[in-house]
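Please look through the structure below with some patience, taking one pair of helices at a time before turning to the larger picture. The paragraphs that follow are meant to be read with the structure open beside them.

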Amino acid sequence: MGKKILLKGNEAMCEAAVQAGCRFFAGYPITPQNEVPEYMSKRMPQVDGVFVQAESEIAAINMVFGASASGARCMTSSSSPGISLKQEGISYITSAELPCLIANVQRGGPGLGNIRASQADYFQAVKGGGHGDYRLIVLAPASVQEIYNLTMNAFDWADYYRNPVMILGDGISGQMAEPVEILPYEPIVDLPAKDFVLDGCAGRKPRVVKTLYLRPTDALVTHNEHLQEKYKRIESELSLYEEYETANAEIVIAAYGITARIAKGAIRLARKKGIAVGLIRPITLWPFPSDPFAAAAETVGQMLVVEMSHGQFIEDVKLAVDSACPVEFLGKGGGWYPTEEIILEKIESMAAAVAKRGM
Amino acid sequence: MPTLKRTEILTDARTHYCPGCGHGIAHRLVAEVIEELGIREKTIGTAPVGCAVLLYDYFNCDIIECAHGRPPAVATGIKRVQPDKIVFTYQGDGDLAAIGTGETIHAANRGENITVIFINNAIYGMTGGQMAPTTLTGMVSTTTQNGRGEHGEGPPLKVCELLSALDGVCYLERTAVSTPKNVNATKRAIKKAFQNQIDGKGFSLVEVLSMCPTDWKLSTEKSVDFVNNEMKKAFPLGVYKDEG
């Protein structure tokens with residue numbers, strides 16, 4: 001067991017990034033992620049890295065584009081409205097197949113919204129957000145330690161697949177402090193050589209990083225097919241989730257991130273009352289771990305989706321469940337979060353309805 | 001009499017530029033400077049969105065194609081990670097002075113040690129002749145069909161004048177490619193802008209007044225006259241800042 005220190009989620013993400021060799025950060029202040037640029041402004045110079053406070057979210061993501069093309073492990077972070085602004089750059093980076101980390105410490109929306117936690121950017125993160133057919137690898141940590149661990153992994157997967165990775169967090173997990181074991185960085189994959197880097201063409205042919213495909217006429221079709229093949233490969237190789245108390249469960253909760261953390265508390269309360277409830281928590285939101293949901297749907301009576309939005313994540317759960325069992329919903333946007341008691345109440349009403357039907 | 005020869009910095013590809021366009025001259029000048037300074041193997045260029053987007057088909061060095069207006073931000077990322085490399089942007093008026101104004105001003109004000117080649121032809125070429133931020137007052141374009149000014153467009157944006165107020169900027173010069181003398185002056189300015197970067201002096205920008213016969217709907221000859229008689233009035237040539 002290594003040394004544990006007390007860190008906010010946002011700080012843990014930064015330290016993990018530094019440990020993983022991130023040496024370029026560009027960002028713009030926005031609540032509730034301000035600890036990230038603040039920490040990086042102090043930490044980057046200590047490791048001969050670069051910190052740039054960009055003039056805009058758009059500039060920040062484009063600085064990351066340049067840094068990634070230069071071969072640096074690099075990242076930017078923001079919160080919901082700022083992530084919307086970055087979408088143009090994200091689309092370009094995915095098409096150019098450059099690695100980077102983008103963190104979204106979600107806040108309430110739409111519009112300027114508020115600065116409370118939210119999970120209402122699920123569609124934006126998982127389904128696209130910018131223009132074109134592309135995918136981000138999207139990770140949803142549920143504790144400060146997991147923020148630390150997944151941030152390290154994120155850089156590896158970004159390099160391995162040459163694809164941007166998004167940490168989809170939220171204002172609660174970004175702001176809350178927990179003891180974190182500062183684990184040393186160890187690559188979890190064989191890292192490929194970066195043969196795309198633009199570093200001057202000394203001793204080799206010039207390289208081009210581009211996203212315009214005009215010739216031949218079907219060049220962009222071919223490029224898209226290539227991207228889709230990569231996405232299929234990622235889907236077949238990368239699927240992370242946690243199951244909690246699902247054995248013999250009559251009701252399974254589907255929740256991710258901080259919501260799953262709260263759901264665990266509700267499950268403990270429900271089990272004390274004799275209701276057999278479990279949890280499936282996706283850790284990768286894309287690729288979406290469909291299999292555990294499909295399997296659970298065959299055995300449990302009902303599923304309950306809990307999320308801090310008006311119903312986005314639920315669509316992927318329903319696709320996975322494929323009508324094999326009823327899927328109930330508990331969620332609101334705008335900075336609302338579920339308490340253990342609110343979830344317990346919903347579980348009890350679901351259990352009662354089943355009991356009534358069974359009579 | 002100097003012997004004219006091809007520069008190896010340009011590929012053999014035939015450019016897509018229209019007859020009488022100034023991009024070909026500007027490309028050639030940038031390429032000659034890169035060759036003369038011996039920096040090809042440490043140079044990274046950024047291509048804009050606009051007529052020069054295919055820069056990488058013509059230049060024999062590493063190039064990254066950027067989103068519209070973002071080259072100064074991308075160049076910032078590259079240069080900060082690789083301060084020993086030579087990084088240049090090549091941008092048109094829409095890219096640099098409309099959609100990318102923010103990126104331009106802030107890269108300039110930070111004093112990023114990069115070289116910016118700004119081609120000002122007062123029109124959107126690639127999209128077919130719409131108003132540019134630098135379109136002259138009264139000038140006809142497909143979106144100012146009775147001349148700039150009737151929709152409240154304001155006067156043309158003067159980039160060198162604007163940036164000259166910023167303390168972070170090292171070197172600003174406006175030149176043209178409409179006469180042999182201007183072409184020579186442009187090459188000298190571009191060389192200085194690259195040399196400044198080699199010497200670590202900071203943000204250098206050369207604004208090049210350039211012809212666009214196709215979208216101005218003028219002959220190549222009259223386009224040269226338009227630069228010399230109209231554009232130079234609105235955009236006076238000269239050195240706007242030289243901290244080198």
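In this predicted model, helix α3 (residues 57–69) of chain A packs against helix α4 (residues 80–96) of chain A at an angle of about 30 degrees, and their axes are 7 Å apart. Angles under 35 degrees count as roughly parallel, and α3(A) and α4(A) are therefore roughly parallel to each other, with a crossing that is right-handed. On the side of α3(A), the residues that meet α4(A) are A:E57, A:I58, A:I61, A:N62, A:F65 and A:S68, while α4(A) brings, among others, A:G82, A:L85, A:G89 and A:I93 to the meeting. It may help to recall that an α-helix has 3.6 residues a turn, so residues three or four places apart point the same way.

These two helices also take part in the contact between the chains, to which chain A gives 32 residues and chain B gives 28 residues. On the side of chain A that touches chain B, the elements giving two or more residues are the strands β2 (24–27), β3 (50–53) and β9 (208–209) together with the helices α3 and α4. Which of them gives the most? It is α3(A), with 9 residues.

Chain B has helix pairs of its own to compare with this one. The axes of helix α3 (residues 71–81) of chain B and helix α5 (residues 101–110) of chain B come within 7 Å and cross at roughly 40 degrees, and α3(B) and α5(B) are therefore oblique to each other. Their contact is made by B:P72, B:A73, B:A75 and B:T76 of α3(B), which face B:E103, B:T104 and B:A107 of α5(B).

Another pair in chain B is α1(B) and α7(B), whose axes come within 9 Å and cross at roughly 45 degrees, so that these two helices are likewise oblique to each other, and the crossing is right-handed. Here α1(B) contributes B:I25, B:L29, B:V30, B:E32, B:V33 and B:L37, and α7(B) contributes residues including B:V183, B:T186, B:I190 and B:F194. Helix α7(B) itself, residues 180–198, has 19 residues and reaches 27 Å from its first C-alpha to its last, close to the 27 Å expected at 1.5 Å a residue. Among its buried residues are B:T186, B:A189, B:I190, B:A193 and B:F194, and what covers the buried residues of this helix includes α1 (23–37) and the strands β3 (86–92), β4 (115–120), β7 (171–176) and β8 (204–209) of chain B. Just after α7(B), B:G200 takes a positive phi of about 70 degrees.

Burial leads on to the interior of the model. In soluble globular proteins, nonpolar side chains tend to be buried together. In this model the largest nonpolar core has 192 residues, and those with the most contacts inside it are A:L101, A:V138 and B:I117. Helix α6 (residues 144–161) of chain A gives the most to this core, with 11 residues. Leaving aside its neighbours within four places in sequence, A:V138 is in contact with A:A125, A:V126, A:M166, A:L168, A:T284, A:L285 and A:W286.

Are the helices α6(A) and α8(A) mostly covered or largely in the open? Helix α6(A) is mostly covered, since 16 of its 18 residues are buried, whereas in α8(A), residues 219–237, the number buried is 0 of 19, so α8(A) lies largely in the open.

Key
Residues are numbered from 1 along each chain as its sequence is written. Chains are lettered from A and ligands numbered from 1 in the order in which they are written. This is a predicted model: local features need pLDDT of at least 70, side-chain atom pairs count only at pLDDT 80 or more; totals for chains, interfaces and linings use all residues. A nonpolar core is a set of buried Ala, Val, Leu, Ile, Met, Phe, Trp, Tyr and Cys residues joined through C-beta atoms within 7 Å. A residue is buried if 20 or more other C-beta atoms lie within 10 Å of its own, exposed if 12 or fewer, and partly exposed in between; C-beta atoms are placed from the backbone. Helices (H or I, at least four residues) and strands (E, at least two) are DSSP runs, numbered from the N terminus. Two residues are in contact if their C-beta atoms, placed from the backbone, lie within 7 Å. The expected span of a helix is 1.5 Å times one less than its number of residues. Axes are lines fitted to C-alpha atoms, for helices over the stretch in contact, and angles run from 0 to 180 degrees between N-to-C directions. Angles under 35 degrees count as roughly parallel, over 145 as roughly antiparallel, 65 to 115 as roughly perpendicular and the rest as oblique. A crossing is left-handed if the near helix is turned anticlockwise from the far one by less than a right angle, and right-handed if clockwise.
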